[in-house]
Amino acid sequence: MPGFQSESVLSGLIPSSVNNAGAGAGTGNVALSALVPSSYYTYQFNQRFWLGLSVNAPFGLAESFPDNWAGRAYAAGGENLKTYNAAPTIAYKFNDWLSVGVGAQIQYASASFTQGVAALGPTNQLGVSGAGYGFGFTAGATLTPTPFTTIGLGYRSAINNKINGTMVVPPALLGAATAGSVNTTLNLPDIVSLGLRQRLTSQWTALGTIEWSNWSRIGTANILQPSGAPATVVGAPVVIPFQYKDGWFFSAGAEYQWNPRMALRAGVAYEISPVTDTVRVPAIPDADRTWLSIGGTYKYSAKTIIDPAYSHVL
């Protein structure tokens, strides 16, 4: 892209998750909707050298379980995870068929969750909240072997987000739990993406993506005291188990150039969840998913392009 370019994105997430986890009647929808912004910028210094910056929110979760749900006594009352990632990058064009880029990741995360203590009933829960930073890198390459074919390969490194915060316990547990300052580390995955754009005719273009996410590295998040000893409740360590497998995402679609100012797109994707039946918990009720997507591009003016899109996840 020549000169200075910017892209601003606003994604509305409207999830639905109903839980019946051994607790009789369903909870209703416990998942919370969100507006997630992101922005991307590039600046071309010369024919071969670019600077870039992305600011986005790669991971997130928000849900709240009702007080009368019996599962609060042994599972969860609510969770909230927000991440904010800034990635300054540099890119170099070697020739007409190869460009490469590298960058840094600076990620801030805030997290909170509540955990039931079965002996105390559904309304007495311990709570952990905190925030902290993690760092990583990015790398990628764009190959254009023919004027009609573009291949993109991208890598986002794993990030170990250190979270410092506080554990609060109900009055009934005072003296039986290590309340106060705590910390943990969220081992977030590295991600490899491969994308293909193949022009078929003057109007039709085929699109495809394969993405692998190394969720198996997340393991168990141990809640620790400042001394490094485990935080405990009635002698038991407080942990968040994430015994996941790796995740996979596959998509295919097509683009139709309606006229010089408008393009239309549609596609389908299948996502293999890292969460299996043996480790699924109410707090993260994930499963394999099918995506159905439509969208388009409208060139409003020489300097402004609008890209509406909608995805329905089954």
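**Exercise 1.** Decide whether D286 is buried or exposed in this predicted model.

*Solution.* Begin with the cut-offs, by which buried means under 20% relative accessible area, exposed means over 50%, and partly exposed lies in between (1.4 Å probe, protein chains only). D286 has a relative accessible area of 15%, so D286 is buried. As background, the model is a predicted one, in which local features need pLDDT of at least 70, side-chain atom pairs count only at pLDDT 80 or more, and totals for chains, interfaces and linings use all residues. Residues are numbered from 1 along each chain as its sequence is written, and side-chain values use heavy atoms, with hydrogens and water left out.

**Exercise 2.** Find which residue forms a salt bridge with D286, and then follow that partner to E271.

*Solution.* A salt bridge is a side-chain nitrogen of Lys or Arg within 4 Å of a carboxyl oxygen of Asp or Glu. The partner of D286 is R289, with the closest N and O atoms 2.4 Å apart. R289 also forms a salt bridge with E271, where the closest N and O atoms are 3.0 Å apart. Because E271 lies in strand β18 (residues 262-272) and R289 in strand β19 (residues 289-299), this pair ties together parts that are 18 residues apart in sequence; strands are DSSP runs (E, at least two residues), numbered from the N terminus. With 18% relative accessibility E271 counts as buried, whereas R289, at 23%, counts as partly exposed.

**Exercise 3.** Describe how F137 and Y155 are arranged as an aromatic pair.

*Solution.* Rings of Phe, Tyr and Trp (its six-membered ring) pair if their centres lie within 6.5 Å, and planes under 30 degrees apart count as stacked, over 60 as edge-to-face and the rest as tilted. The structure holds 14 aromatic pairs. In the pair of F137 and Y155 the centres are 5.6 Å apart and the planes are at 50 degrees, an arrangement that is tilted. F137 lies in strand β7 (residues 125-146) and Y155 in strand β8 (residues 149-156), so the pair ties together parts that are 18 residues apart in sequence. F137 counts as partly exposed at 42% relative accessibility, and Y155 counts as partly exposed at 26%.

**Exercise 4.** Name the residues that form one aromatic cluster with W215.

*Solution.* The cluster that holds W215 also takes in F59, F242 and Y244.

Key:
Helix = DSSP H or I, 4+ residues; strand = E, 2+ residues; numbered from the N terminus.
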